[in-house]
Amino acid sequence: GKDGYRHFMEKELHEHPVAIGQTLQRITDSVTRRIALPPMPFDVATLPRVTITACGSAFYAGMVGRYWLEELARLPIDIDVASELRYRNPPQPNHGLALLISQSGETADTLGVLRELKAAGQHVVSVLNVEHSTMGRESDLVLGMVAGPEISVASTKAFTAQLSVLAALTIDFARQRGLIDEAKERELTDSLLDLPSHAMEVLGLFDQIRGMARVIAQARDILYLGRGICMPIAQEGALKLKEISYIHAEAYAAGELKHGPISLIDPSVPVVAIAPSTILFEKTLSNLQEARARGGRILVFTDAKGAEQLKDIAEHIIILPDVNAFVAPILYTIPVQILAYEVALLKGTDVDQPRNLAKSVTVE
Ligand code: F6R
């Protein structure tokens with residue numbers, strides 16, 4: 001049941017800390033507190049390339065994974081949504097890795113790519129919530145999330161659990177490729193293991209986020225902006241808003257604003273920014289100043305340091321706990337999803353069963 005919550009989505013939003021914590025617990029050595037993934041069915045040190053694919057929210061998790069794996073494990077990445085990758089037929093290296101991400105393990109296009117990449121000689125590793133699924137059976141290795149059942153059609157805790165696995169995989173790969181020393185590994189791992197308590201703090205922000213939701217609920221179009229590893233979180237925010245509130249939202253890399261979408265900005269098109277002070281902040285700040293100068297209403301998720309610099313241009317600022325930049329995309333997901341939930345409540349939509357959508361998309 002809903003355990004006293006109004007919707008499964010509300011309940012599942014409150015399960016972020018547990019989903020992250022349990023997922024990490026399963027892949028952390030309890031004595032050394034080091035990440036301990038099962039052995040990969042290939043040599044990580046000589047891995048030539050990784051192809052990441054998924055659909056919807058799981059694809060945005062994969063995008064975050066791309067930034068991590070490129071930056072820390074120095075791996076060349078190809079990434080695309082499964083429905084495109086499936087028909088692109090890109091050249092594959094010998095013994096590359098196909099990394100698939102799916103909550104259900106049944107999504108038709110992701111499964112289609114799995115089969116094709118396997119036939120093309122790639123090792124298949126899947127990040128799944130439902131491990132006893134078709135993708136689970138057909139993968140060489142399953143990295144399970146421990147998010148528990150996700151009932152609401154809009155994905156919430158599965159997304160942060162996916163990111164937790166991908167972050168752990170990045171640490172594991174970087175270590176095996178000799179790219180991080182013990183101190184760096186400790187720093188990254190500790191920032192991950194501290195996430196459940198920071199996620200709990202974020203769950204205290206529902207009331208503040210409701211204030212921001214009131215601005216969004218009155219608008220027809222919303223722009224979500226982010227840079228670097230926060231760009232996929234802007235995409236996740238826009239997708240979630242569209243799905244459950246039926247308000248049109250688009251996500252842009254903040255640097256792309258002046259190449260087109262800035263022409264949309266006026267007081268009727270609010271701008272939501274994902275802007276921790278640790279990630280390309282000065283760049284994002286200047287993009288937001290440009291938007292503000294054109295009458296845009298600026299709504300931001302940042303930390304205390306970022307808030308100090310944004311206070312003159314932003315109408316609503318949600319201040320999140322200070323965290324290592326490595327885990328910021330995981331933490332910032334939570335308020336962005338809460339925002340979509342609060343807007344849907346104001347709109348009075350069917351939050352758990354949005355029109356036209358199914359939880360598991362087993363047709364193409
Ligand atoms: C978004 C959402 C969908 C799924 C997508 C992939 O809230 O729920 O975009 O993320 O259909 O589903 P899985 O992860 O089951 O492959």
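This passage walks through the predicted fold, from its two sheets to a helix and a few individual residues.

The model is a prediction, so local features are taken only where pLDDT is at least 70 and side-chain atom pairs only at pLDDT 80 or more, while totals for chains, interfaces and linings use all residues. Residues are numbered from 1 along each chain as its sequence is written, and side-chain values use heavy atoms, with hydrogens and water left out. On pLDDT, the predictor's confidence in each residue on a scale from 0 to 100, the protein chain averages 97, and 100% of its residues reach 70 or more. For the complex, the predictor reports an ipTM of 0.99 and a pTM of 0.98.

Helices and strands here are DSSP runs numbered from the N terminus (H or I of at least four residues for helices, E of at least two for strands). Two strands are said to pair if DSSP finds at least two bridges between them. One open sheet is built from five strands in the order β2-β1-β3-β4-β5, with parallel pairing. Its edges are β2 (77-81) and β5 (141-144); each has a single partner strand, so one side of each is left without a neighbour in the sheet. Neighbouring strands are turned by 20° against each other on average, direction ignored. Angles in general come from axes fitted as lines to C-alpha atoms, for helices over the stretch in contact, and run from 0 to 180 degrees between N-to-C directions. Within this sheet, β3 (residues 97-102) and β4 (residues 123-128) run parallel and share six bridges. One of the residues involved is Ser102, whose bridge partner in β4 is Leu128.

Helices lie over this sheet as well, where contact means heavy atoms within 4.5 Å. α3 crosses β1 (50-54), β2 and β3, and runs at about 170° to β2. α7 lies across β3, β4 and β5, at about 155° to β3.

There is also an open sheet of five strands in the order β7-β6-β8-β9-β10, again with parallel pairing. At its edges stand β7 (248-253) and β10 (314-319), each with a single partner strand, so one side of each has no neighbour in the sheet. The twist here averages 20° from one strand to the next. Strand β6 (residues 221-226) runs parallel to β7, and six bridges join them. Leu225 stands opposite Tyr252 in β7. Helix α12 (residues 281-293) lies across β6, β8 (271-274) and β9 (298-302), running at about 165° to β9. α14 packs on the sheet too, touching β6, β8 and β9, and its direction makes about 145° with that of β9.

Helix α8 (residues 182-193) has twelve residues, which at 1.5 Å a residue should span 16 Å; its end C-alpha atoms are 16 Å apart, so the two agree. The expected span is taken as 1.5 Å times one less than the number of residues. For burial, under 20% relative accessible area counts as buried, over 50% as exposed and in between as partly exposed (1.4 Å probe, protein chains only). By that yardstick, the buried residues of α8 are Glu185, Leu188, Thr189, Ser191, Leu192 and Leu193. Their cover includes α2 (16-26), α3 (56-73), α7 (157-176), α9 (195-202) and α14 (328-347).

Aromatic rings of Phe, Tyr and Trp (its six-membered ring) pair if their centres lie within 6.5 Å; planes under 30 degrees apart count as stacked, over 60 as edge-to-face and the rest as tilted. The structure holds three such pairs. Phe42 and Phe173 make an edge-to-face pair, 6.4 Å centre to centre with 85° between the planes. Because Phe42 lies in the loop between α2 and β1 and Phe173 in helix α7, the pair ties together parts that are 131 residues apart in sequence. Phe42 is buried at 13% relative accessibility, and Phe173 is buried at 0%. The rings of Trp68 and Phe326 have centres 5.4 Å apart and planes at 50°, so that pair is tilted. Trp68 sits in helix α3 and Phe326 in the loop between β10 and α14, so parts 258 residues apart in sequence are tied together. Trp68 is buried at 3% relative accessibility, as is Phe326 at 6%.

Two residues other than glycine are worth a look for their backbone. Arg33, in the loop between α2 and β1, has a positive phi of about 55° and is partly exposed at 43% relative accessibility. Asn356, in the segment after α14, has a positive phi near 70° and is exposed at 77%.
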